[in-house]
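Here's a quick tour of a model you can follow along with on screen. Have the sequence handy as you read.

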Amino acid sequence: MPRTSTIQTSFPLADDGLPQDYLPARQFFDQCGRRYYTSQSAFRWDLRHRHENGLVASGAVIERFAAGTRSHPRLLVSESRLIRHWREESQARAAGRR
C-alpha cells in the first residue's frame with residue numbers, strides 16, 4: 001500500500017479552496033507587494049529563500065503542490081502574516097536574540 005500524507009492546516013478556506021488572506025505570489029506582488037519591496041527581484045529573492053528566512057515557518061508563505069508532484073509549488077502569500085513575521089524578526093533583533 002503506498003504511503004500518503006495529509007497536511008492539515010488551520011487556515012479557513014475561501015470559496016475557491018485557497019486559504020483566506022492568502023494570494024498567489026504574482027497577484028500578491030501586483031496588489032500590495034510594491035508597498036513592501038523595492039523591486040520584483042527582491043520579492044522573488046525572498047520567496048526563493050523562504051525556508052531560510054522563516055517565511056514558511058511563520059505561515060507568511062504556504063506552498064501548494066499539484067497532486068502527485070513535489071516540484072514547483074504554487075506559492076501563496078498572506079500580507080498580514082508577512083507583516084507580523086517582519087515585526088517579530090525586528091523585535092527579536094532589537095532584543096539581541098538574533
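## The sheet

In this predicted model, 3 strands make an open sheet in the order 1-3-2, with antiparallel pairing. Strand 1 (22-24) and strand 2 (61-64) sit at the edges, each pairing on one side only. From one strand to the next, the twist averages 30 degrees. Strands here are DSSP E runs of at least two residues, helices are H or I runs of at least four, both numbered from the N terminus, and two strands pair if DSSP finds at least two bridges between them.

Strand 2 and strand 3 (residues 74-78) pair over 4 bridges in the antiparallel sense. Glu63 stands opposite Leu75 in strand 3.

## A loop residue to look at

His72 lies in the loop between strand 2 and strand 3. It isn't a glycine, yet His72 has a positive phi of about 50 degrees. Is His72 buried or exposed? His72 counts as exposed because its relative accessibility is 76% (buried is under 20%, exposed over 50%, partly exposed in between, with a 1.4 Å probe and protein chains only).

## Helix over the sheet

Helix 4 (residues 79-94) lies across strand 1 and strand 3, at about 70 degrees to strand 3. Angles run from 0 to 180 degrees between N-to-C directions of axes fitted to C-alpha atoms, for helices over the stretch in contact, and contact means heavy atoms within 4.5 Å.

## Ground rules

Residues are numbered from 1 along each chain as its sequence is written. Local features need pLDDT of at least 70, side-chain atom pairs count only at pLDDT 80 or more, totals for chains, interfaces and linings use all residues, and side-chain values use heavy atoms, leaving out hydrogens and water.
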